[in-house]
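Here are some notes to go with your first look at this one. Keep the viewer open and follow along point by point.

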Amino acid sequence: MAEQKEIIYEKLIDERPLTIINKGQVIAHAWQHCPKEERFDLSGHLELIAEVFKALAGRPKLICIEGESGSGKTILGQVLCADGTNTEFINIAHYAKEQGLGIGEADISSIMVDPSKTYILDEVAYAAPNSLIEAIQRHAQAEGVAVLLIQNARDIHPGLMRYMTVLHLDRMISGLRHKQ
C-alpha cells in the first residue's frame, strides 16, 4: 500500500513550471504532461475574486474555488499568492508527504496560525477534516482571509460552508464564475 501512496504523491508533487509576469499574466512552460508553452490571462479571475472580497466586507473572507483536476486551480492559486501581499500558498499534499501521510490525514491546524496572512490552500483533500474545520473556523473568527482550492465543494464539511463563498473554475480558458 505504501508503494501506491508514493506513486500518487509523485503525480501530485509534479507541478508545471510557471512564470507569472504581471497582474494575472502567466506563462505555463512546457513539461512532461504538456509539451508546449501556454499563456494565460487570469486578470478577469483576479478581478472577480477582488469583487467577491469587497462584497464580503464585514464578513469572513473565505473563498472556495472548485474545479476538476487539471482545471487550473493550482495555477490560479499561485497567481493569487504572487499578486497578493502577506500571502502563503500551502500545498497540503506536499505537507502530507513530508510527514508520510495520505489523503485526509494531515493536521493543518498548526500551519494556519497568522490571522493577518492570506492563506491559499491547495489539495485540501489531504487535510484531516477536524484540523481543517478548526483552522478555518479560527481564521474566520479572526477575520482572516483564505482561499481553498478543491475538486468539489460538497467535500467541504457543512459546518464550514456557512463561512464560504463558492466559485467554480471550469477550465482556464472558460473562466471563473459564481457557483449556481
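1. Let's start with a detail: with which side chain does the side chain of Ser 109 make a polar contact? The partner is Asp 107, at 2.6 Å from side chain to side chain. Bear in mind that what you're looking at is a predicted model.

2. While you're there, have a look at the surroundings. Ser 109 sits in the loop between α4 (92–98) and β6 (118–122). Loop or not, Ser 109 counts as buried, because its relative accessible area is 13% and the cut-off for buried is under 20%. Leaving aside residues up to four places away in sequence, Ser 109 touches Ser 131, Glu 134, Ala 135 and Arg 138.

3. Now zoom out. The chain has six helices and nine strands. Its radius of gyration is 16 Å, close to the 16 Å that the globule rule gives for 180 residues, so the chain is as compact as a globular protein of that length. If you box in the C-alpha atoms along the principal axes, you get roughly 45 × 40 × 30 Å.

4. How much of the chain is buried? The figure is 44% of the 180 residues. As for the outside, the accessible surface comes to about 9600 Å², and carbon and sulfur atoms account for 51% of that.

5. A word on contacts along the sequence. Among contacts in the chain with a separation of 6 or more, 61% are between residues 24 or more positions apart. For a distant pair to look up, try Ile 75 and Val 26: they are 49 residues apart in sequence, yet their C-alpha atoms are 8.5 Å apart in space. Ile 75 belongs to helix α3 (residues 73–83), and it is buried, with a relative accessible area of 13%.

6. On charges, I'd note 18 positive and 24 negative side chains in the chain. The centres of the two sets lie 5 Å apart.

7. Two backbone spots deserve a look. Glu 123, in the loop between β6 and α5 (129–141), has a phi near 55 degrees, which is positive even though the residue isn't a glycine. Glu 143, in the loop between α5 and β7 (145–150), also isn't a glycine and has a positive phi of about 60 degrees.

8. Are those two glutamates buried or exposed? Glu 123 is partly exposed, with a relative accessible area of 22%. Glu 143 is exposed, at 70%.

Terms used. Residues numbered from 1 in each chain as written. Predicted model: local features only at pLDDT ≥ 70, side-chain atom pairs only at ≥ 80, totals over all residues. Heavy atoms only, no water. Helix = DSSP H or I, 4+ residues; strand = E, 2+ residues; numbered from the N terminus. Rg over C-alpha atoms; globule rule 2.2 N^0.38 Å. Buried < 20%, exposed > 50% of the residue type's maximum accessible area, 1.4 Å probe, protein only. Contact = heavy atoms within 4.5 Å. Areas by Shrake-Rupley, 256 points an atom, 1.4 Å probe, with all protein chains shown as cover. Lys, Arg positive; Asp, Glu negative; His and termini not counted. Charge placed at Lys NZ, Arg CZ, Asp CG, Glu CD. Polar contact = N/O pair within 3.5 Å; in protein donor to acceptor, adjacent residues only side chain to side chain.
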